[in-house]
Amino acid sequence: YHVQSPMFDYYLPANDNLKVLDNTAKAFNNTLKQAASLAGAYLGLRGLTSTFKSIVGVNAEFERLSGSLKTVTGSAKAAKEAFTLIEDFATSTPFQLDEIVDSFIRLKAMGLEPSMEALTSYGNTASAFGKNILEFVSAVTSATVGEFERLKTFGIKAKVEGERVKFIFQGVTTEVGKNAAEIENYLRSIGTINFGGAMSEQMNTMGRYIMPFLKVSGVSLSP
C-alpha cells in the first residue's frame, strides 16, 4: 500500500499477513457486522479495525506525527530514518502506529535513545500488564526526572535515598544512581529479563481470536 505525504514517500510494512489483511479490510468490516451478536469477540475485532485505520488511514494524523518526528530528530532525513525503524517495530507488535510514534517522540524529546532494543523492552513490559506502549514509556520518561508515581501502575515502587534510588519489583530490591541513565537502564532490564517475549505472546493470542473470523469471511492468510 503506497502512501504519499509532503515529508515521506514510503511503503507500508511488507509483512505478508499485513498485506493480506490490508487488502481485505472491507471484507473484514463486513465480518464484524455479521459477528455483532458475539459481543465480546466483536469488541475485540473492533479494536483490530482501529489498528488497520492507524496503519492505512494516515492523512491528518500522519501529518501531525511526521511533523513531530522532524522536530525531535532535527531533519526530514532523520525523521524518515526514524519512521523506518518505527515501521519495522510495528509489524511485530500489538500496538497501534500512533502509540509507537508518540513513544519514540517522547523518548527522543527527553534525551533518551528510542532504539529498537529499548522499544522492544518497553513494549514487553506494557504487554505484560495489558497496557499500551505509550503508557509505560510515559512512566519511564517521568522516572528519569525523579517522578516515580506512574511506575506504580506496573507494580514498580521507588524509594529515594539521597543520590540513590531503590526500586522494588516482584519482591526484589535494586539500587541505582539517581540519574537518567541508570534509571533508564534498570527499567529497560525489566522488559528484557522479566517479560522477554510478552509482545509476541500477545500477538499470538490476538491471532487465535482473529483467525476463526477471517475464515468466516473466506480470507486466506497464505502469501
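**Close-up views of strands, salt bridges and helices**

Phe169 in strand S4 and Val172 in strand S5 are bridge partners. The model is predicted, so local features need pLDDT of at least 70 and side-chain atom pairs pLDDT 80 or more, while totals for chains, interfaces and linings use all residues. Residues are numbered from 1 along each chain as its sequence is written, and side-chain values use heavy atoms, leaving out hydrogens and water.

**View A. Strand S4 pairs with strands S3 and S5.** Helices (H or I, at least four residues) and strands (E, at least two) are DSSP runs, numbered from the N terminus. Two strands pair if DSSP finds at least two bridges between them. S3 covers residues 156-161 and pairs with S4 in the antiparallel sense, over 6 bridges. Ala158 has Phe167 of S4 as its bridge partner. S5 covers residues 172-177 and runs antiparallel to S4, again joined by 6 bridges.

**View B. Two hairpins connect these strands.** The hairpin of S3 and S4 has 2 residues between the strands. Here Gly162 takes a positive phi near 65°. The hairpin of S4 and S5 also has 2 residues between the strands. In this one, Gln170 takes a positive phi near 55°.

**View C. The side chains of S4 alternate.** Which residues of S4 point to the buried face? They are Val165, Phe167 and Phe169. Arg164, Lys166 and Ile168 point to the other face and are not buried. Buried means under 20% relative accessible area, exposed means over 50%, and partly exposed lies in between (1.4 Å probe, protein chains only).

**View D. Salt bridges involve residues of S3, S4 and S5**. A salt bridge is a side-chain nitrogen of Lys or Arg within 4 Å of a carboxyl oxygen of Asp or Glu. By this rule the count is 4. Glu161 forms one with Lys159, where the closest N and O atoms are 3.8 Å apart. At 35% relative accessibility, Glu161 is partly exposed. Glu161 also forms a salt bridge with Lys166, and there the closest N and O atoms are 3.6 Å apart. Lys166 is partly exposed too, at 27% relative accessibility. Glu175 and Arg164 meet in another salt bridge, at 3.1 Å from N to O. This pair links distant parts of the chain: Glu175 lies in S5, Arg164 lies in S4, and they are 11 residues apart. Glu175 is partly exposed at 41%, and Arg164 is partly exposed at 35%. Salt bridges that share partners join Lys159, Glu161 and Lys166 into one network.

**View E. Helix H8 is mostly covered**. H8 spans residues 133-143, and 10 of its 11 residues are buried. Among them are Ile133, Leu134, Phe136, Val137 and Val140. What covers the buried residues of H8? The cover includes helices H5 (76-90), H6 (97-109), H7 (116-128) and H9 (180-194), as well as S3. Contact here means heavy atoms within 4.5 Å. At the start of H8, a side-chain oxygen of Asn132 reaches to within 2.9 Å of the backbone nitrogen of Leu134. A polar contact is a pair of N or O atoms within 3.5 Å; within protein, one must be able to donate a hydrogen and the other to accept it, and residues adjacent in sequence count only if both atoms are side-chain atoms.

**View F. Ser66 sits in helix H4**. H4 covers residues 59-73. Is Ser66 buried or exposed? Ser66 counts as buried, at 3% relative accessibility. The C-alpha atoms of Ser66 and Ala82 are separated by 9.8 Å, with the two residues 16 apart along the chain.
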